[in-house]
Amino acid sequence: MTAYSNPNPQAPDHRPIPTGERAATRDDSPRVAAAVPITVWRLDDHGDDQATTDPAAGFASRLARRLVLVYTSRGEAVVDFDHDLHLHQAATTTDRRYLPITDAADVAELGQLDRPIGLITLRWPRPNPTNSAELTADMFTGCRLMMSQGASIVAAVRPAYPDELGFTFATQEHTLRVAAEKAGLAHVLQIVAVSAPGHGDEFLYYASQAEASLATTRGAPVGSALHIDLLVFERDANRDDRP
């Protein structure tokens with residue numbers, strides 16, 4: 001397992017929150033219940049052209065760009081269920097088509113796209129958690145039927161907020177994974193994305209759970225690092241195209 005710097009840092013989106021404080025990570029260390037590889041992305045939180053970029057905005061921008069460049073090819077479409085401005089910019093500046101979906105009922109419109117879908121993103125938990133698992137399973141089913149071969153769905157699972165009782169990464173990952181499996185999707189990778197103030201971008205592939213947990217606090221003052229977990233899903237090769 002080797003970590004190395006990337007001379008061309010790139011990046012994704014979705015609201016990361018500061019981590020490092022015990023209250024923010026209580027029983028919430030990055031780990032997965034499924035046996036999938038873990039990759040750590042340590043992304044510089046400074047913008048490419050502006051050294052004074054707000055760290056949260058810089059990290060989100062670089063994360064969005066890296067997601068787009070890793071999971072799509074030029075000319076493909078990026079579908080976003082949260083209308084994220086960073087993802088929008090990353091897609092349109094790299095010759096991808098950006099399509100925000102603000103209503104799960106609009107998923108059917110994806111079948112009318114004139115280009116293949118390479119990436120679908122969403123934040124988790126959803127804004128209305130009451131019936132989000134069932135709605136997400138239906139949404140995933142619709143997306144799977146429209147996804148091109150090799151396309152990915154990336155769910156950004158935020159860490160628990162301080163004093164947010166009953167919220168753990170393990171429970172959120174399980175709920176999301178069950179919904180995805182019901183829709184015929186397979187969980188294939190977990191990406192632990194953390195900010196690395198001023199250190200450039202580094203990537204650790206096939207990280208252990210201990211290495212992933214350590215990465216959320218390494219080299220950053222308490223409470224200053226930004227952290228988000230990304231769960232990557234693909235079409236289950238053992239399922240056909242029927243819902």
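# Close-up views of a predicted chain

**View 1. The N-terminal segment and the confidence of the model.** Over residues 1–30 the pLDDT (the predictor's confidence in each residue, from 0 to 100) stays under 50, and the model has 117 contacts beyond four places in sequence for this segment. Contact here means heavy atoms within 4.5 Å. Where pLDDT is low, the predicted coordinates should not be read in detail. The mean pLDDT of the chain is 77, with 75% of the residues at 70 or more. This is a predicted model, in which local features need pLDDT of at least 70 and side-chain atom pairs count only at pLDDT 80 or more, while totals for chains, interfaces and linings use all residues. Residues are numbered from 1 along each chain as its sequence is written, and side-chain values use heavy atoms, with hydrogens and water left out.

**View 2. The whole chain as context.** Six helices and ten strands make up the secondary structure of the chain; helices (H or I, at least four residues) and strands (E, at least two) are DSSP runs, numbered from the N terminus. Of the 243 residues, 51% count as buried, where buried means under 20% relative accessible area, exposed over 50%, and partly exposed in between (1.4 Å probe, protein chains only). About 11200 Å² of the chain is exposed, and carbon and sulfur atoms supply 50% of that area. Accessible areas come from the Shrake-Rupley method with a 1.4 Å probe; for residues, only the protein chains shown count as cover. Among contacts in the chain with a separation of 6 or more, 81% are between residues 24 or more positions apart.

**View 3. Strand E6 and its two parallel partners.** Strand E6 spans residues 117–124, and eight of its eight residues are buried. Two strands pair if DSSP finds at least two bridges between them. E6 pairs with strand E4 (residues 77–80) in the parallel sense over four bridges, and Ala77 stands opposite Ile117 of E6. E6 also runs parallel to strand E7 (residues 152–157), to which six bridges join it. In that pairing, Thr121 stands opposite Val154 of E7.

**View 4. The cis peptide bond at Pro125.** Trp124 and Pro125 are joined by a cis peptide bond, with omega about 0°. Pro125 lies in the loop between E6 and H4.

**View 5. Trp41, Phe203 and Arg66.** The structure holds two aromatic pairs. Rings of Phe, Tyr and Trp (its six-membered ring) pair if their centres lie within 6.5 Å; planes under 30 degrees apart count as stacked, over 60 as edge-to-face and the rest as tilted. Trp41 and Phe203 form an edge-to-face pair, with 6.3 Å centre to centre and 90° between the planes. This pair links distant parts of the chain, with Trp41 in strand E3 (residues 38–43) and Phe203 in strand E9 (residues 201–204), 162 residues apart. Trp41 counts as buried because its relative accessibility is 3%, and Phe203 counts as buried because its value is 0%. Arg66 lies over the face of Trp41, at 4.9 Å from the ring centre. The charged end of Arg66 also sits over the ring of Phe203, 3.8 Å from its centre. A charge sits over a ring if NZ of Lys or CZ of Arg is within 6 Å of the ring centre and within 35 degrees of the ring normal.

**View 6. Phe140 and Phe233.** Phe140 and Phe233 form a tilted aromatic pair, 6.2 Å centre to centre with 45° between the planes. The pair links distant parts of the chain: Phe140 is in helix H4 (residues 132–146) and Phe233 in strand E10 (residues 225–235), 93 residues apart. Both rings belong to buried residues.

**View 7. Thr39 and its surroundings.** Thr39 lies in strand E3 and is buried, with a relative accessible area of 7%. Leaving aside neighbours within four places in sequence, Thr39 is in contact with Leu189, Gln190, Ile191, Val192, Leu204, Tyr205 and Tyr206.

**View 8. Two loop residues with positive phi.** Tyr206, one of the contacts of Thr39, is found in the loop between E9 and helix H6 (209–215). Phi of Tyr206 is near 55°, a positive value in a residue other than glycine. Tyr206 counts as exposed because its relative accessible area is 62%. Asp95 is placed in the loop between helix H3 (85–92) and strand E5 (97–100). Phi of Asp95 is near 65°, also positive in a residue other than glycine. At 45% relative accessibility, Asp95 is partly exposed.
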